[in-house]
Structure formats: C-alpha cells, structure tokens
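Got a minute to look at some charged side chains? Let's go through how each label is earned.

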Amino acid sequence: MEVAVAEPGPKQREEDEDEDEDEEGADKGLAGRFLALERELSEGLRALPPPGPPVSLVYDPLDYAWDPHSDFVRRYLRSPKPVLFLGMNPGPFGMAQTGVPFGEAWHVREWLRVRGVVRKPPQEHPKRPVLGLSCPRAEVS
C-alpha cells in the first residue's frame with residue numbers, strides 16, 4: 001500500500017515550479033553524490049545481521065520513504081555545509097514516517113514543503129504503522 005500526498009493547489013504548484021527553476025543553478029551534483037553515498041551506506045547496514053531480541057522489527061525509512069527523503073536532500077543540500085547531522089529522530093512519528101531526519105509529518109509537508117510517496121515497510125509493528133506524510137501524530141521529542 002502506498003501513501004501519497006494530496007495534490008497541491010494552483011498557487012502551490014506555481015511556487016514549486018519557481019523553486020524547480022531555482023534548482024537549475026543549484027549544485028545538483030552535490031545532492032546526487034550525497035544520496036549515492038547514503039544508498040551505499042544503507043546497503044552496508046542491510047548486510048549486517050539482524051539485532052535480535054528484544055528488537056523484533058527494524059524500520060528503514062531510506063528504503064520505503066526514499067521519495068520524500070531524496071526530495072528533502074535535493075531541495076536543501078544546495079551547497080557544502082559546515083555541519084553534519086547523524087542519525088534520525090528515533091521516535092515513530094519522525095523520520096520513520098517521512099524519511100526526513102528530525103522531521104515529523106506536518107513540518108516536513110507544510111513547512112519544508114517536501115513531497116513524495118511513502119511506501120509501507122516490509123514489516124510493521126501493529127501499534128506503529130507507517131502513514132507517511134499524512135501521519136496525524138506529532139513527535140514528542
């Protein structure tokens with residue numbers, strides 16, 4: 001099952017098109033290299049053995065939420081940055097829903113204006129379903 005974002009209205013589409021035009025001059029190579037490195041590192045993590053008890057499920061948002069994650073990276077990684085964020089918001093209503101580090105759904109969708117399809121992970125905890133960018137819950141951290 002896929003969770004999609006509602007279509008933006010005419011004004012939002014015009015603003016997004018303006019941003020796309022701005023990206024023409026942005027360093028797309030930097031974002032592309034960053035995303036390729038993330039893919040490579042993710043493959044390395046997938047090769048590790050599963051953690052074992054008490055861990056029963058592992059969510060991999062860089063797999064099932066790649067679309068919004070890559071939209072976020074392409075939108076905001078336009079030049080070299082003097083900082084590096086490692087990890088993700090470990091709560092079930094942050095990156096696990098959106099694919100965006102430290103990003104709960106409302107902020108990712110409305111404030112950052114990130115778009116993309118979030119697919120269902122292979123296995124979900126029944127109390128922690130992935131609803132993607134339409135997740136109504138806020139992260140408490």
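Here is a short chat about salt bridges in this predicted model.

Q: How many salt bridges does a search of the whole structure find?
A: Six turn up.

Q: Why is the contact of Arg46 with Glu43 called a salt bridge?
A: The closest N and O atoms of Arg46 and Glu43 are 2.7 Å apart. The cut-off is within 4 Å, so the pair counts.

Q: Where do Arg46 and Glu43 lie?
A: Both sit in helix H2 (residues 28-46), three residues apart, which is about one turn of the helix. Glu43 and Arg46 are also linked with Asp60 in a network of salt bridges.

Q: Why is Arg46 called partly exposed?
A: Its relative accessible area is 38%. Buried needs under 20% and exposed needs over 50%, so Arg46 falls in between. Glu43, at 46%, is partly exposed by the same cut-offs.

Q: What makes Arg119 and Asp63 a salt bridge?
A: Their closest N and O atoms are 3.5 Å apart, and that is within 4 Å, so the label fits. This pair links distant parts of the chain: Arg119 is in strand E2 (residues 118-119) and Asp63 in helix H3 (residues 61-64), 56 residues apart.

Q: How do you know whether Asp63 is buried or partly exposed?
A: Asp63 has a relative accessible area of 29%. Buried means under 20%, so Asp63 is partly exposed instead.

Q: Why does Glu110 with Arg109 count as a salt bridge?
A: The closest N and O atoms are 2.9 Å apart, so they pass the 4 Å cut-off.

Methods
Residues numbered from 1 in each chain as written. Predicted model: local features only at pLDDT ≥ 70, side-chain atom pairs only at ≥ 80, totals over all residues. Heavy atoms only, no water. Salt bridge = Lys/Arg side-chain N within 4 Å of Asp/Glu carboxyl O. Helix = DSSP H or I, 4+ residues; strand = E, 2+ residues; numbered from the N terminus. Buried < 20%, exposed > 50% of the residue type's maximum accessible area, 1.4 Å probe, protein only.
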